[in-house]
Amino acid sequence: MNSSINYQELAEKIKLWGQELGFAQVGICDIDLTEHEEKLQAWLDNNYHGNMEYMAKHGLDRARPQAIHPGSIRVISARMNYLPAEAKFAKILKQPKHAFVSRYALGRDYHKLMRKRLKQLGDRIKDYCQEFEFRPFVDSAPILERPLAQNAGLGWVGKHSLLINPKAGSWFFLGELLVNIPLPIDTPADNQCGHCVACLKICPTQAIVAPYVVDARRCISYLTIELRDAIPKELRPLMGNRIYGCDDCQLICPWNKFGQLTQEDDFSPRQHLDNVELLTLFAWDEDSFLSKTQGSPIRRIGFECWQRNIAVALGNAPYDLSIVQALKAKREHSTPMVIEHIDWALEQHEIKAKQQIIPTNERLQARLIRSIEKGMPRDA
């Protein structure tokens, strides 16, 4: 430790530098996550991580930052708003022939952008404090970033497992710097969820199996992004027109009336993904997919899963001959997994052609849309 450094003053500078780099808030905490180890192990033991083997691979190391970067004694946690203006939540959810993409994924992939900013923050600290080592993370290490962010005073982990800030809701990304200097720590945020269980009730697939516990195997975000196999048939009708991620638990959260819009142009929608028809996206070939998702987080799921997800959404759409024709045409040159989902979608349209079907999730969808229209921040 360098006794000549005023660490209280440095901590204040770090927060100022963070704001200059585009972070909405920066906080500091120690690396102690031992209180979370038991819950983490129980979550893994219940196989709630699904096919995300990397979760189990690192086990309790996720609650031990010092195992990831030896010598670390503090965590600098930062958040960056991503909600674009005119997010069109209700508009798209009301149109089942349009594709709903989680609003975090409409623009540029946040991983590289945030990691670059965190690296710049670390370099500034390095210039000020020569005996300094750091390592930046943005979803790039097995670390419990939300409990760390709570300990750093950025918000509290809500019952949907996401971080909630009382002045900004939950529409933001998180990133961390693990550092080896004894910075003063911030006061952890208090949990203010109270008796509210809106997120548990609104989840289309009932993936939030208990307050603060998410069974990823049922979560639409997991099904459309992490899962590489066939989507369970019983969950397909519940997915509606959500083809990449799901924002329902955030949309219903009353704290998101305080949601803040992003100042980052890179998070603005690309390829009209905030308002595009399913058939338009389904018409992409693999070269188009790779080209149009360049620099987007969507690209990581690959073309096969992209087609799989859209096929399910088309199966959930109202009967339309053009949809049936598109499904049949795509079937001729798709992979076996995609063909399985196309066949399921065709079966749904055959049923709808014979009788009027009330959507499985219509009541919850209507409630969600009412909530969006009443509670979203201005211009969102």
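**Exercise 1. Work out whether His349 is buried or exposed, and place it in its surroundings.**

Solution. Start with the accessibility: His349 comes out at 1% relative accessibility, so it counts as buried. The cut-off to keep in mind is under 20% for buried. Bear in mind that this is a predicted model.

Next, find the element. His349 belongs to helix H15, which runs over residues 336-354.

Then look at who touches it. Skipping the neighbours within four places in sequence, His349 is in contact with Leu314, Gly315, Ala317, Pro318, Tyr319, Asp320, Ile323, Val324 and Leu327.

**Exercise 2. Describe helix H15: how many residues does it have, and what do its buried residues pack against?**

Solution. Begin with length. H15 has 19 residues and spans 27 Å from first C-alpha to last, close to the 27 Å expected at 1.5 Å a residue.

Now list the buried side. Met337, Val338, Ile339, His341, Ile342, Trp344, Ala345, Leu346, Gln348, His349 and Lys352 are the buried residues of H15. A handy reminder when you look down a helix: an α-helix has 3.6 residues a turn, so residues three or four places apart point the same way.

Finally, the partners. The buried residues of H15 pack against H11, helix H13 (302-316) and helix H14 (321-331).

**Exercise 3. UniProt lists Cys193, Cys196, Cys199 and Cys253 under "binding site". Explain why they can be said to gather at one spot.**

Solution. First, a word on the source: this comes from an unreviewed UniProt entry.

Now compare sequence with space. The four span 61 residues in sequence, yet no two of their C-alpha atoms are more than 10.5 Å apart, so they gather at one spot.

Zoom in on two of them. Cys193 sits in the loop between strand S7 (172-179) and helix H8 (198-202), and with 13% relative accessibility it counts as buried. Beyond four places in sequence, Cys193 touches Trp156, Gly158, Lys159, Ile164 and Tyr212. Cys253 is in the loop between H10 and H11; its 12% relative accessibility makes it buried as well.

**Exercise 4. Do the same for Cys203, Cys219, Cys246 and Cys249: what is their largest C-alpha distance?**

Solution. These cysteines carry the "binding site" annotation in the unreviewed UniProt entry. They are spread over 47 residues of sequence but cluster in space, with a largest C-alpha distance of 10.6 Å.

Cys203 lies in the loop between H8 and strand S8 (208-210) and is buried at 10% relative accessibility. Cys249, in helix H10, is buried with a relative accessible area of 17%. Leaving out residues up to four places away in sequence, Cys249 touches His160, Leu162, Cys199, Ile202 and Ile208. Spot Cys199 in that list: it is one of the cysteines from Exercise 3.

**Exercise 5. Classify the aromatic pair of Trp156 and Trp255, and say where each ring sits.**

Solution. The structure holds 17 aromatic pairs. In this one, the centres are 5.2 Å apart and the planes make 80 degrees. Planes over 60 degrees apart count as edge-to-face, so Trp156 and Trp255 form an edge-to-face pair.

Next, map the two residues. Trp156 is in strand S5 (residues 156-157), while Trp255 is in the loop between helix H10 (248-251) and helix H11 (278-282). The pair links distant parts of the chain, 99 residues apart. Both Trp156 and Trp255 are buried.

Notes: Residues are numbered from 1 along each chain as its sequence is written. This is a predicted model: local features need pLDDT of at least 70, side-chain atom pairs count only at pLDDT 80 or more; totals for chains, interfaces and linings use all residues. Side-chain values use heavy atoms; hydrogens and water are left out. Rings of Phe, Tyr and Trp (its six-membered ring) pair if their centres lie within 6.5 Å; planes under 30 degrees apart count as stacked, over 60 as edge-to-face and the rest as tilted. Helices (H or I, at least four residues) and strands (E, at least two) are DSSP runs, numbered from the N terminus. Buried means under 20% relative accessible area, exposed over 50%, partly exposed in between (1.4 Å probe, protein chains only). The expected span of a helix is 1.5 Å times one less than its number of residues. Contact means heavy atoms within 4.5 Å. UniProt positions are given in the numbering used here, feature names are shortened, and annotations may be inferred rather than shown by experiment.
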